[in-house]
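Biologist: I am new to this structure, and I would love to go through its helices with you. Could you show it to me?

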Amino acid sequence: MATANKNLSEYDKNTIPSAKDFRFGIVVSEWNDKITEGLFSGAEKALLDCDATPDNIIRWNVPGSFELVYGAKRMIETQQVDTVIVIGCVIQGETKHFDFVCEGVTQGIKDLNVQTDVPVIFCVLTDNNEQQSIDRSGGVHGNKGTEAAIAAIKMAYLRQQSSK
């Protein structure tokens, strides 16, 4: 298990560029909201801790994880963001629905990263059960939302530096 010996919420602020000049989009799935709200909280807290301003954090909600791709696409097109974090949670069930949603979201986010100039950070938990998701959204393994926020800052900085 990749997170067995790692707390997803740990980062060294000294190794991260300041987020004060960047504009962040966050698209959050309403499905499994107990989990996605925890992930959003972790992301928002980390962005603010790294000097992002509340006015430069734009949040949009979408019904489910499959809709994250469209939400991110529209945010890129309309909100002049430096990066977008997509937050969702898909928990394995008894049907193949899990596989189709996970594949569609993963490919859709990959496509946005290839087709646009704005990095899209994948913060979609794809766990076997609810407890695994709880453990990664503020539980014993920390918060994947925090990890996504740090990745977003680093990618916004990379985008800025590579444009000069």
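Biologist: Is the crossing of α1 and α5 right-handed or left-handed?

Modeller: Welcome! This is a predicted model, and in it α1 and α5 cross in a right-handed way.

Biologist: What makes α1 oblique to α5?

Modeller: Helix α1 (residues 33–49) packs on helix α5 (residues 144–162) at about 40 degrees, and their axes are 6 Å apart. Angles under 35 degrees would count as roughly parallel, and 65 to 115 as roughly perpendicular. The angle of about 40 degrees falls in neither range, so α1 is oblique to α5.

Biologist: Which residues of α1 and α5 meet?

Modeller: From α1 come L39, G42, A43, A46 and L47, and from α5 come K144, G145, T146, A149, I150 and I153. By class, this contact has seven nonpolar, three polar and one charged residues.

Biologist: Why is α2 called roughly parallel to α3?

Modeller: The axes of α2 (residues 68–78) and α3 (residues 97–115) cross at roughly 20 degrees and come within 9 Å. Since angles under 35 degrees count as roughly parallel, α2 is roughly parallel to α3. Their crossing is right-handed.

Biologist: How do you know that the buried residues of α2 line one face of the helix?

Modeller: L68, V69, G71, A72, M75 and I76 are buried in α2. Looking down the axis of α2, these buried residues fall within an arc of 165 degrees, so they line one face. They pack against β1 (24–29), β2 (57–62), β3 (83–91), α3 and β4 (120–127).

Methods: Residues are numbered from 1 along each chain as its sequence is written. This is a predicted model: local features need pLDDT of at least 70, side-chain atom pairs count only at pLDDT 80 or more; totals for chains, interfaces and linings use all residues. Side-chain values use heavy atoms; hydrogens and water are left out. Axes are lines fitted to C-alpha atoms, for helices over the stretch in contact, and angles run from 0 to 180 degrees between N-to-C directions. Helices (H or I, at least four residues) and strands (E, at least two) are DSSP runs, numbered from the N terminus. Angles under 35 degrees count as roughly parallel, over 145 as roughly antiparallel, 65 to 115 as roughly perpendicular and the rest as oblique. A crossing is left-handed if the near helix is turned anticlockwise from the far one by less than a right angle, and right-handed if clockwise. Buried means under 20% relative accessible area, exposed over 50%, partly exposed in between (1.4 Å probe, protein chains only). The arc is that of the directions from the helix axis to the C-beta atoms. Contact means heavy atoms within 4.5 Å. Ala, Val, Leu, Ile, Met, Phe, Trp, Tyr, Cys and Pro count as nonpolar, Asp, Glu, Lys and Arg as charged, and the others, Gly among them, as polar.
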